[in-house]
Amino acid sequence: MSPRKAVEHELSRQRILDAAREQFVEQGYRDVSMRGIAKQLGYSPGSLYYHFREKADLFSAMTAEEFHKLDNLLEEVVSTSPNPGRERLELIFLSFIRFGLENKRSFELMFLIQEPGLESYTSQAKMASYENFTHAVMESLQMINVDRAKDVHLIWVLFLSLHGFVSFYVHSPQTYEDVAKLADLHVQLLLRGLT
């Protein structure tokens, strides 16, 4: 085997994460094993343990990547939105819904998996992402209603409302485009309550 070919087949952390994501999406957390991921990659399970201590550690790294994608989307919305008030909030809310419905299985893995002990592995990325959401919403709310911008409970309710919308459709065959008008109506109702 040439040195270049050996590098192409090297078992990297990213290759493991990609294979794991595919299996977690298709099978769910409970039915995935380190042995199954290793088999798919053509390596021994021990090769995976070099990169990840256990399945929960691997799952944590994978969901952290997904939260990073969501955070990048939020950052892009904030940096490209010309108006930091109502228009930006609308884009933030619709982008969250779009992300969830265009990445249903990832959203499910990020937010909806309820496994004993798993929360301690995923909470850091989840909370950091929620803090980014909170900051972006507070900043935009300052332009609309300063008093409401200070209300952390209101921001949590806004997040729960968006999360609930996505959760309702996460197991549906409907795409974002199929429910775009409903998503827009949902967001408009949220915005109306903020003034």
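**Salt bridges, cores and a buried serine**

Because glutamate 108 and arginine 105 are three residues apart in helix 7, about one helical turn separates them; helices here are DSSP runs of H or I with at least four residues, numbered from the N terminus. Before I go on, this is a predicted model, in which local features need pLDDT of at least 70 and side-chain atom pairs count only at pLDDT 80 or more, while totals for chains, interfaces and linings use all residues. Residues are numbered from 1 along each chain as its sequence is written, and side-chain values use heavy atoms, with hydrogens and water left out.

Glutamate 108 and arginine 105 form a salt bridge, with their closest N and O atoms 3.3 Å apart, where a salt bridge is a side-chain nitrogen of Lys or Arg within 4 Å of a carboxyl oxygen of Asp or Glu. Glutamate 108 is buried at a relative accessible area of 15%, whereas arginine 105 is partly exposed at 30%; buried means under 20% relative accessible area, exposed over 50%, and partly exposed in between, with a 1.4 Å probe and protein chains only.

By this rule the count comes to eight salt bridges, and a network of them links Asp18, Arg21, Glu65, Glu66 and Lys69. Within helix 2 (residues 13-27), aspartate 18 and arginine 21 lie three residues apart, and their closest N and O atoms are 3.1 Å apart. In helix 5, lysine 69 and glutamate 66 are also three residues apart, with a closest N and O separation of 3.3 Å; glutamate 66 is buried at 3% relative accessibility, and lysine 69 is partly exposed at 43%.

Turning to the interior, the largest nonpolar core has 37 residues, and those with the most contacts inside it are Phe93, Ile97, Phe133 and Val137; such a core is a set of buried Ala, Val, Leu, Ile, Met, Phe, Trp, Tyr and Cys residues joined through side-chain atoms within 4.5 Å. Among the elements that give two or more residues to this core are helix 6 (86-102), helix 8 and helix 10 (152-169). A second, separate core of 21 residues includes Leu17, Ala19, Leu58 and Ala61.

What, finally, does the side chain of serine 140 reach? Serine 140, in helix 8 (residues 119-144), is buried at 0% relative accessibility, and its side chain reaches the backbone oxygen of proline 84 at 2.7 Å.

Definitions and conventions: A polar contact is a pair of N or O atoms within 3.5 Å; within protein, one must be able to donate a hydrogen and the other to accept it, and residues adjacent in sequence count only if both atoms are side-chain atoms.
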